[in-house]
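Work through the exercises below with the sequence and the coordinates at hand. Each task is followed by a stepwise solution.

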Amino acid sequence: MTSITNPQTDTDLGAEQKVEPTHFQSVPILDPVFQETYTAHLEKEELSWRGWMPQLPEVECPAKTKKELVNTLTIRLREALQAREDAWDKQLEVDIEAGKLEHLQEDARRAKQAGKRIDL
């Protein structure tokens, strides 16, 4: 048993809470599109495995085997990254249509007039 206390709390929680230590494996998972590596945590449960990615909280799932879990996490990682990319693109379009980026165009014109920028 491990004792856990949180010295950053503002309130008195009373006696220390006793919890079982958590054992999990950290496994690198490569995003197949951008070739960037993410860390997955795998935990063996009684009859199955559970995995999650701290960098992407939406990527979490159970599986019957470790191999199945890693494959599923890889797929879910790609789906989550694609969803984030799609949301970014949509927000950019909305911002352009709303005129929120016009100041950047004006800044670029001024920089070019001042000789601080060249056209490629």
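**Exercise 1. Find the glycine that follows α2 and give the sign of its phi.**

Step 1. Helices (H or I, at least four residues) and strands (E, at least two) are DSSP runs, numbered from the N terminus. Helix α2 covers residues 102-113.

Step 2. G115 follows α2, and its phi is positive, near 75°.

Step 3. For α1 (66-97), the residue to inspect is G99, just after the helix, with a positive phi of about 80°.

Step 4. This is a predicted model, in which local features need pLDDT of at least 70 and side-chain atom pairs count only at pLDDT 80 or more, while totals for chains, interfaces and linings use all residues. Residues are numbered from 1 along each chain as its sequence is written, and side-chain values use heavy atoms, with hydrogens and water left out.

**Exercise 2. Compare the expected span of each helix, α1 and α2, with the distance between its end C-alpha atoms.**

Step 1. The expected span of a helix is 1.5 Å times one less than its number of residues.

Step 2. For the 32 residues of α1 this gives 46 Å, and the end C-alpha atoms are 46 Å apart, so the two agree.

Step 3. For the twelve residues of α2 the expected span is 16 Å; the end C-alpha atoms lie 17 Å apart, which agrees.

**Exercise 3. Lay out the chain and state where the model should not be read in detail.**

Step 1. The protein chain has two helices and six strands, in the order β-β-β-β-β-β-α-α from the N terminus on.

Step 2. pLDDT is the predictor's confidence in each residue, from 0 to 100. Its mean over the protein chain is 82, and 79% of the residues reach 70 or more.

Step 3. By element, the lowest mean pLDDT (30) belongs to strand β1 (residues 2-4) and the highest (97) to β5. Over residues 1-20 the pLDDT is below 50; beyond near neighbours in sequence, this stretch has 14 contacts (heavy atoms within 4.5 Å) in the model.

Step 4. Where pLDDT is low, the predicted coordinates should not be read in detail.

**Exercise 4. Which residues touch the most other members of the largest nonpolar core, and which element supplies its largest share?**

Step 1. A nonpolar core is a set of buried Ala, Val, Leu, Ile, Met, Phe, Trp, Tyr and Cys residues joined through side-chain atoms within 4.5 Å. Buried means under 20% relative accessible area, exposed over 50%, and partly exposed in between (1.4 Å probe, protein chains only).

Step 2. The largest core holds 16 residues, of which L42, M53, L56, L69, L73 and L77 touch the most other members. At least two residues each come from β3, β4, β5, β6 (56-63) and α1. The largest share, five residues, is that of α1.

Step 3. In α1, the buried residues are L69, L73, L77, R78, A80, L81 and D95. They pack against β3, β4, β5 and β6. An α-helix has 3.6 residues a turn, so residues three or four places apart point the same way.

Step 4. Leaving aside neighbours within four places in sequence, L77 is in contact with I29, D31, Y38, M53, L56 and V59.

**Exercise 5. Are D31, Q35 and E36 buried, partly exposed or exposed?**

Step 1. D31 is in the loop between β3 and β4 (37-44); Q35 and E36 lie in that loop too.

Step 2. D31 is buried because its relative accessible area is 0%. Q35, at 52%, is exposed, and E36, at 43%, is partly exposed.

Step 3. Not counting residues up to four places away in sequence, D31 touches E36, Y38, L77, R78 and L81, and E36 touches I29, L30 and D31.

Step 4. Q35 is not a glycine, although its phi is positive, about 55°.

**Exercise 6. Classify the aromatic pair of F24 and W52.**

Step 1. Rings of Phe, Tyr and Trp (its six-membered ring) pair if their centres lie within 6.5 Å; planes under 30 degrees apart count as stacked, over 60 as edge-to-face and the rest as tilted.

Step 2. The structure holds one such pair. F24 and W52 are 5.6 Å apart centre to centre with 65° between the planes, so the pair is edge-to-face.

Step 3. F24 sits in the loop between β2 (17-19) and β3 (25-30) and W52 in strand β5 (residues 49-53), 28 residues apart.

Step 4. F24 is partly exposed at 38% relative accessible area, whereas W52 is buried at 19%.
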